[in-house]
Amino acid sequence: MGSPEQKVTTFLMFEGQAEEAMNLYTSLFDQSEILTIQRYGPNEAGAEGSVLKATFSIHGQTFMCIDSSVKHEFTFTPSISFYVTCETEEEVDRVFEKLAQDGKVYMPLGSYPFSERFGWVGDKFGVTWQLNLGG
């Protein structure tokens, strides 16, 4: 799980969408992959085949996720988001467009006093992303 140096791992809790989210995220960023998936089996707490525990990486940063077997009244909040430094304007635009599909735009793609190219978006799962052009 993660590199030996990584002591803190972001943990995302979904309700039946963990695998779909991992597939989206790892398709958007280079050097990203699903590392492990454990699934609920028959007669276990979660829906059979859903994600009991999984790990995936984006640019070498490891994340964990699950499909919660317990229904809860909370979800993700925009007050915490993933801040991603992109290499090119094309990458910022491409990733923003994909994440914005069925999501919510908090700050449209544009030039801001703090960045030449920046956008803040909540994806269809409610996870928020700040995408910034590096350099």
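**Exercise 1. Locate Val-84 and describe its surroundings.**

Val-84 lies in strand β5, where strands (E, at least two residues) and helices (H or I, at least four residues) are DSSP runs numbered from the N terminus. The model is predicted, so local features need pLDDT of at least 70 and side-chain atom pairs count only at pLDDT 80 or more, while totals for chains, interfaces and linings use all residues. Residues are numbered from 1 along each chain as its sequence is written, and side-chain values use heavy atoms, with hydrogens and water left out.

Step 1. Is Val-84 buried or exposed? Its relative accessible area is 10%, and Val-84 is therefore buried. Buried means under 20% relative accessible area, exposed over 50%, and partly exposed in between (1.4 Å probe, protein chains only).

Step 2. Which residues does Val-84 contact, leaving aside neighbours within four places in sequence? They are Phe-29, Trp-129, Gln-130, Leu-131 and Asn-132; contact means heavy atoms within 4.5 Å.

Step 3. Phe-29 stands 55 residues from Val-84 in sequence, yet the C-alpha to C-alpha separation is 9.9 Å.

**Exercise 2. Reconstruct the sheet that contains β5.**

Step 1. In what order do the strands of this open sheet run? The order of the four strands is β5-β8-β7-β6, and the pairing is mixed. Two strands pair if DSSP finds at least two bridges between them.

Step 2. The edges are held by β5 and β6 (104-112); each has a single partner strand, so one side of each lacks a neighbour in the sheet. On average, neighbouring strands are turned by 10° against each other, direction ignored.

Step 3. Strand β8 (residues 128-133) runs parallel to β5, and six bridges join the two. Ser-81 has Thr-128 of β8 as its bridge partner, and Thr-85 stands opposite Asn-132 in β8.

Step 4. Five bridges link β7 and β8 in the antiparallel sense, and the bridge partner of Gly-119 is Leu-131 in β8. Five residues lie between the strands of this β7 and β8 hairpin, in which Gly-126 takes a positive phi near 95°.

Step 5. Why is β8 described as largely enclosed by the rest of the structure? Five of its six residues are buried, which is why this description applies to β8.

**Exercise 3. Place helix α2 and one of its residues.**

Step 1. Which strands does helix α2 (residues 89-100) lie across? They are β5, β6, β7 (115-122) and β8, and the helix runs at about 15° to β7. Axes are lines fitted to C-alpha atoms, for helices over the stretch in contact, and angles run from 0 to 180 degrees between N-to-C directions.

Step 2. Val-92 is part of helix α2. With 0% relative accessibility, Val-92 counts as buried.

Step 3. Beyond residues up to four places away in sequence, Val-92 touches Cys-86, Leu-109, Arg-117, Leu-131, Asn-132 and Leu-133. For Leu-109, 17 residues away along the chain, the C-alpha separation from Val-92 is 8.4 Å.

**Exercise 4. Describe the other sheet and helix α1.**

Step 1. Another open sheet has four strands in the order β1-β4-β3-β2, with mixed pairing. Here β1 and β2 are the edge strands, each with a single partner strand, so one side of each is left without a neighbour in the sheet. From one strand to the next, the twist averages 20°.

Step 2. In what sense do β3 and β4 pair? Their pairing is antiparallel, over five bridges, and Ser-57 stands opposite Thr-62 in β4. Helix α1 packs on this sheet, touching β1, β2, β3 and β4, and its direction makes about 10° with that of β3.

Step 3. Which residues of α1 (residues 18-28) are buried? They are Ala-18, Ala-21, Met-22, Leu-24, Tyr-25, Thr-26 and Leu-28. Their cover includes β1, β2 (33-39), β3 (51-58), β4 (61-67), α2 and β8.

**Exercise 5. Characterise the lining of the largest pocket by class.**

Step 1. A pocket is an open set of points on a 1 Å grid over the protein atoms alone, where a 1.4 Å probe fits, with protein on both sides within 12 Å along at least five of seven lines; lining residues have an atom within 4 Å of a point.

Step 2. Among the lining residues are Phe-11, Thr-75, Phe-82 and Gly-126. Strand β1 gives the largest share, three residues.

Step 3. How many lining residues fall in each class? Six are nonpolar, six are polar and none is charged. Ala, Val, Leu, Ile, Met, Phe, Trp, Tyr, Cys and Pro count as nonpolar, Asp, Glu, Lys and Arg as charged, and the others, Gly among them, as polar.
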